[in-house]
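Me: I would like to go through a structure by question and answer. Please keep the replies short.

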Amino acid sequence: MNDFLHKLPEFIGHHVALSALFVILLLALIVMQISTLFSKVRELTPAGLTALINRENPLLIDLSSIADFEKMHVPGARQVAMSQFDPEKKDLAKAKELPVVVMDKDGRGNSVKAAQRLVKAGFVKVHTLGGGVLAWHAAQLPVAKGNK
C-alpha cells in the first residue's frame, strides 16, 4: 500500500486526462447517490413492488401507451396517458395517503416526471417501478393483457 501511495502522484502526472475523468465520474456517482437518498420518490424492483402489493395494496398507474398497456401490464394497474395525468384530479386526490406506484413500459419514460408531480401535489408514498413493465415481465411475474 505504501508503494502505491508513492507512485500515485507520478501516475496522475503521466495520465492527467484519465485521472480527471476518474474524478468527474466519482463526483457524478456521489451526486447521484446523494440525490437518491434525499428524493421523496423511491424506485422499486419488481420484487419490491410485489411485497408492496402484498402489504399495502397500492394504486398502480401505468403511463405506457394504450397499445403497450394492452399487450402487457402489471395486474391491477390503471392505464393513464401522460397527457391526461393530473395529480390534482379528485380521483387521485383521494389517494394522497395511499402508496402510489407509477410505471411505464421501460422505466425510462414519464414515470419519474409523473412521480415528481405527485410529490409536489402532496402525495406521501410515491414509488416508481425501476425498469418498468419490461422489468416486471423479465422477473417472470404475472402480467395482464387487454385494457383491464
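Reply: The questions below cover cores, helix faces, surface and backbone.

This is a predicted model, in which local features need pLDDT of at least 70, side-chain atom pairs count only at pLDDT 80 or more, and totals for chains, interfaces and linings use all residues. Residues are numbered from 1 along each chain as its sequence is written, and side-chain values use heavy atoms, with hydrogens and water left out.

Me: Which element supplies the largest share of the largest nonpolar core?
Reply: A nonpolar core is a set of buried Ala, Val, Leu, Ile, Met, Phe, Trp, Tyr and Cys residues joined through side-chain atoms within 4.5 Å. The largest has 15 residues, and I61, F85, V100, L118 and F123 touch the most other members. β2, β4 and α6 each supply at least two residues of this core; helices (H or I, at least four residues) and strands (E, at least two) are DSSP runs, numbered from the N terminus. The largest share, 3 residues, comes from α6.

Me: How many residues make up the other core, apart from the largest one?
Reply: M72, A77, V133 and W136 are among its members. This separate core has 13 residues.

Me: Do the buried residues of α6 line one face of the helix or several, and within what arc do they fall?
Reply: Buried means under 20% relative accessible area, exposed over 50%, partly exposed in between (1.4 Å probe, protein chains only). In α6 (residues 111-120), S111, A114, A115 and L118 are buried. They line one face of the helix because, seen down its axis, they fall within a limited arc, taken from the directions from the helix axis to the C-beta atoms. That arc is 100°.

Me: Which exposed residues sit on the face of α6 turned away from its buried side?
Reply: The buried residues of α6 are covered by elements including β1 (41-44), β4 (99-103) and β5 (125-129). The face turned away carries the exposed residues K113 and K120.

Me: Which elements do the buried residues of α3 pack against?
Reply: The buried residues are P46, L49 and L52. They fall within an arc of 115° seen down the axis of α3, so they line one face of the helix. The face turned away carries exposed A47, N54 and R55. The buried residues pack against β1, β2, β4, β5 and α7.

Me: How far apart in space are D62 and R78, C-alpha to C-alpha?
Reply: D62 is found in strand β2 and is buried, with a relative accessible area of 0%. Leaving out residues up to four places away in sequence, D62 touches F69, H73, A77, R78, Q79, V80, M103, D104 and V133 (contact means heavy atoms within 4.5 Å). D62 and R78 are 16 residues apart in sequence, yet their C-alpha distance is 5.8 Å.

Me: Which residues are joined into one network by salt bridges that share partners?
Reply: A salt bridge is a side-chain nitrogen of Lys or Arg within 4 Å of a carboxyl oxygen of Asp or Glu. The whole structure holds 4 of them. E56 and K125 form one, at 3.7 Å, N to O; E56 lies in helix α3 and K125 in strand β5, so the pair ties together parts that are 69 residues apart in sequence. The network joins R55, E56 and K125.

Me: What is the distance between the closest N and O atoms of K105 and D68?
Reply: K105 lies in the loop between β4 and α6, and D68 in helix α4 (residues 66-71), 37 residues apart. K105 is partly exposed, at 38% relative accessibility. Their closest N and O atoms are 3.9 Å apart.

Me: Which element gives the largest share of the nonpolar patch?
Reply: M1, F4, L5, L8, F11, I12, L18, L21 and L25 make a nonpolar surface patch of about 920 Å². Patches are made of residues with over 30% relative accessible area and no salt bridge: like charges are joined within 9 Å, nonpolar side chains (Val, Leu, Ile, Met, Phe, Trp, Tyr) within 5 Å. Accessible areas come from the Shrake-Rupley method with a 1.4 Å probe; for residues, only the protein chains shown count as cover. The largest share, 5 residues, comes from α1.

Me: What is the relative accessible area of N57?
Reply: Most residues other than glycine have a negative phi. N57 has a positive phi of about 50° although it is not a glycine. N57 lies in the loop between α3 (46-56) and β2 (59-62). N57 is exposed, and its relative accessible area is 61%.
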